[in-house]
Amino acid sequence: MATIAVLPGDGIGPEVTREAVKVLRATAEKFHLALTFEEAPVGGTAYEAIGTPLPDHTLAVCQRADAILFGAVGGPHWDTLPRNIRPEQGILALRKALDLYANLRPARLFPALVDASTLKREVIEGVDILVVRELTGGLYFGQPKGIQTGPEGERGVDTLVYTRPEIERIAKVAFDAANRRRKHLTSVDKANVLASSELWRRIVTEVGAGFPEVRLDHMYVDNASMQLLRHPTGFDVLVAENTFGDILSDEAAMLTGSIGLLPSASLGAGVGLYEPIHGSAPDIAGQDAANPIAAILSAAMLLEYSLGAALAAAAIESAVSRALDQGYRTPDIQQPGTRRVGTREMGDRITEAVLAGGEA
Ligand code: NAD
């Protein structure tokens with residue numbers, strides 16, 4: 001029996017999470033997986049009820065779960081609160097408490113949406129990339145950090161530092177992921193200029209010796225950003241430190257169209273957290289207009305990475321593909337000749353497609 005902590009959060013978070021849970025329940029039934037769900041408040045909703053964006057009870061629910069399904073947090077209503085109790089602290093504190101150091105962001109093009117991309121069909125057809133971003137080290141956290149005033153005036157300082165264990169553990173996650181996919185890993189760095197990158201490249205190569213079946217390439221980050229646009233189908237798994245990964249994962253995401261389609265996983269030594277990459281979208285909250293696909297694909301990642309149920313995960317991905325092939329579209333991805341549906345109906349169509357899919 002696996003327990004899934006469900007943290008819907010704010011704005012469209014509850015709307016899309018509800019659909020993801022619906023699809024998970026149907027998938028569990030079809031694949032004979034025993035799942036239980038435990039819901040807990042987070043973000044602005046938790047602040048209103050309990051006075052803090054990450055209540056102790058919510059953290060405890062997450063710590064004893066096998067995986068966490070997260071919606072989104074935040075909204076204009078809470079933007080004037082002090083930073084330490086803003087809804088966004090709910091997710092930041094959770095990532096920190098669970099030491100979620102690896103962020104996995106797939107960017108896969110659904111054939112039915114090939115014309116929704118800003119790139120030409122022949123460039124993006126077949127794109128299926130997984131970006132593995134280091135999430136807890138590098139420039140964003142390195143010390144010293146800050147703005148100081150010295151004899152020459154003000155000075156802004158950030159420190160790009162990586163230790164051997166930090167590089168080893170993220171490299172292992174990336175090789176493991178590549179091993180499960182098309183067995184090609186591209187490690188991105190700036191080893192011609194940065195000492196941290198020189199160490200990164202050396203250690204990634206060392207870790208690679210333990211994965212002889214995975215083909216490893218190294219690429220400078222400036223070249224990687226160009227190749228993602230020029231020849232994106234040349235990538236399978238791409239691994240990068242925090243800052244490079246932040247930028248490249250957004251670039252890769254945009255190859256495939258709407259923000260409403262993109263899932264993510266954050267992994268550490270213990271429980272993993274799965275969430276759509278979008279925020280709480282207050283502009284469309286409560287209108288049954290949000291695209292639930294990013295949340296539903298996050299649920300598929302949960303099955304694959306935390307529960308080892310790869311077939312069930314693939315069934316959800318196929319079901320999403322099938323619903324899109326049948327022409328169902330939420331407003332954010334609507335095109336002429338397709339059928340507009342709301343959040344709930346999109347969830348229903350995908351659920352039906354899971355249940356109607358090939359035998360488990
Ligand atoms: P956003 O991702 O919420 O929205 C950006 C745009 O994309 C909006 O126009 C929105 O309508 C649209 N959009 C987002 N998700 C969609 C979906 N599933 N279907 C259809 N359209 C969708 O980003 P934002 O507007 O910058 O931020 C809104 C709030 O969300 C802020 O309070 C921000 O801090 C918070 N936020 C939270 C997270 C998180 O919970 N991890 C991430 C990003 C932003």
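This section describes the surroundings of the ligand and the two largest pockets in a predicted model.

The ligand is surrounded by 19 residues, with E88, G279, A281, D283 and N291 the closest. By class, this shell comprises eight nonpolar, seven polar and four charged residues. Contacts with the protein backbone were found for both oxygen and nitrogen atoms of the ligand. G279, one of the closest residues, places a backbone N or O atom 2.7 Å from a ligand oxygen atom. For G75, the corresponding distance between a backbone N or O atom and an oxygen atom of the ligand is 3.1 Å. N291, also listed among the closest residues, has a polar backbone atom 2.9 Å from a nitrogen atom of the ligand. Of the 810 Å² of accessible area that the ligand has on its own, the protein covers 68%.

The largest pocket has a volume of about 710 Å³. Its lining consists of 27 residues, and I91, L92, R95, L135 and E275 lie nearest the centre of the pocket. Eleven of the lining residues are nonpolar, seven are polar and nine are charged. At least two residues each are supplied by strand 3 (67-72), helix 4 (89-97), strand 4 (102-108), helix 9 (242-254) and strand 12 (272-276). Among the contributors to this lining, helix 4 provides the largest share, with five residues. Because residues of the lining come from both domain 1 (1-105 + 262-360) and domain 2 (117-255), the largest pocket lies between the two domains.

For the second largest pocket, the computed volume is about 400 Å³. This pocket is lined by 21 residues, of which P106, R108, D128, R181 and E317 are the closest to its centre. The lining is made up of 14 nonpolar residues, one polar residue and six charged residues. Strand 4, strand 5 (128-134), helix 10 (293-305) and helix 11 (310-325) each contribute at least two residues to the lining of the second largest pocket. The largest share here, five residues, belongs to helix 10. Domain 1 (1-105 + 262-360) and domain 2 (117-255) each give at least three residues to the lining of the second largest pocket. Strand 4 thus appears in the linings of the largest pocket and of the second largest pocket.

Note on methods:
Residues are numbered from 1 along each chain as its sequence is written. This is a predicted model: local features need pLDDT of at least 70, side-chain atom pairs count only at pLDDT 80 or more; totals for chains, interfaces and linings use all residues. Side-chain values use heavy atoms; hydrogens and water are left out. A residue is near a molecule or strand if one of its heavy atoms lies within 4 Å of it. A polar contact is a pair of N or O atoms within 3.5 Å; within protein, one must be able to donate a hydrogen and the other to accept it, and residues adjacent in sequence count only if both atoms are side-chain atoms. Accessible areas come from the Shrake-Rupley method with a 1.4 Å probe; for residues, only the protein chains shown count as cover. Ala, Val, Leu, Ile, Met, Phe, Trp, Tyr, Cys and Pro count as nonpolar, Asp, Glu, Lys and Arg as charged, and the others, Gly among them, as polar. On a 1 Å grid over the protein atoms alone, a cavity is a set of points where a 1.4 Å probe fits but cannot get out, and a pocket is an open set with protein on both sides within 12 Å along at least five of seven lines; lining residues have an atom within 4 Å of a point. Grid points are joined across faces, edges and corners, and a volume is the space filled by probe spheres set on the points. Helices (H or I, at least four residues) and strands (E, at least two) are DSSP runs, numbered from the N terminus. Domain bounds come from an automatic or database domain assignment.
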